[in-house]
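Here's a walk through this fold, going from the inside out. Have the coordinates open and follow along as we go.

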Amino acid sequence: MFLKRIEIFGFKSFADRTVIEFTEGITALLGPNGCGKSNIVDAIKWVLGEQSVRNMRAERMDDVIFSGTENRKALNVAEVTLVIANNKGIF
């Protein structure tokens, strides 16, 4: 069983629908400070049921929904989907 794909929309800094594919082998998330790498980890925690806003680096649960920028309106929904491959039939 492995994480095949994560789809993020409206969660923290992900105003646009973002799809990240994880292939077999080594996958790494690389980027400069402030580009959202930690938000991907927070999205995985959130979709798996994390309830502590502190563990998701937020002050209120509302903070996990994209709050807008100077050029973009805030969203009123956050959506995270994990796609897990079950090729070996574990589940």
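Start at Ala78, and keep in mind that this is a predicted model. Once you set aside residues within four places in sequence, Ala78 is in contact with Phe9, Gly10, Phe11, Trp46, Val64 and Ile65. Several names from that neighbourhood come back below.

Ala78 also belongs to the largest nonpolar core, a set of 12 residues. Its other members are Ile6, Ile8, Phe11, Phe14, Ile20, Phe22, Ile40, Ala43, Met56, Val64 and Val80. If you're wondering which elements feed it, E1 and H1 each supply at least two residues of this core.

Now look at Phe11 and Trp46, both of which touch Ala78. What about ring pairs? The count comes to 1 aromatic pair. The ring centres of Phe11 and Trp46 sit 5.2 Å apart with their planes at 40 degrees; that angle falls between the 30 and 60 degree cut-offs, so the pair is tilted. This pair ties together distant parts of the chain, with Phe11 in the loop between strand E1 (2–9) and strand E2 (18–21) and Trp46 in helix H1, 35 residues apart. The two partners aren't equally covered: Phe11 is buried at 0% relative accessibility, while Trp46 is partly exposed at 24%.

Stay on helix H1, where you'll find Asp42. Is this acidic residue buried or exposed? Its relative accessible area is just 2%, and the cut-off for buried is under 20%, so Asp42 counts as buried. Beyond residues up to four places away in sequence, Asp42 touches Phe11, Lys12, Asn55, Met56 and Arg57. Two of those, Phe11 and Met56, are members of the nonpolar core we just met.

Ile44 is in helix H1 too, which spans residues 37–47. With 23% relative accessibility, Ile44 counts as partly exposed, because that value lies between the 20% and 50% limits. Leaving out neighbours within four places in sequence, Ile44 is in contact with Leu3, Ile6 and Leu82. For a sense of scale, Ile44 and Gly89 are 45 residues apart in sequence, and their C-alpha atoms are 22 Å apart in space.

To finish, head out to the surface. Which residues form a nonpolar patch there? They are Met1, Ile84, Ile90 and Phe91, with about 480 Å² of accessible area together. Ile90 is found in the segment after strand E3 (79–85). At 54% relative accessible area, Ile90 is over the 50% cut-off and therefore exposed.

Conventions
Residues numbered from 1 in each chain as written. Predicted model: local features only at pLDDT ≥ 70, side-chain atom pairs only at ≥ 80, totals over all residues. Heavy atoms only, no water. Patch = residues over 30% accessible without salt bridge, like charges linked within 9 Å, V, L, I, M, F, W, Y side chains within 5 Å. Areas by Shrake-Rupley, 256 points an atom, 1.4 Å probe, with all protein chains shown as cover. Salt bridge = Lys/Arg side-chain N within 4 Å of Asp/Glu carboxyl O. Helix = DSSP H or I, 4+ residues; strand = E, 2+ residues; numbered from the N terminus. Buried < 20%, exposed > 50% of the residue type's maximum accessible area, 1.4 Å probe, protein only. Contact = heavy atoms within 4.5 Å. Phe/Tyr/Trp six-rings, centres within 6.5 Å; stacked < 30°, edge-to-face > 60°. Core = buried A, V, L, I, M, F, W, Y, C linked by side-chain atoms within 4.5 Å.
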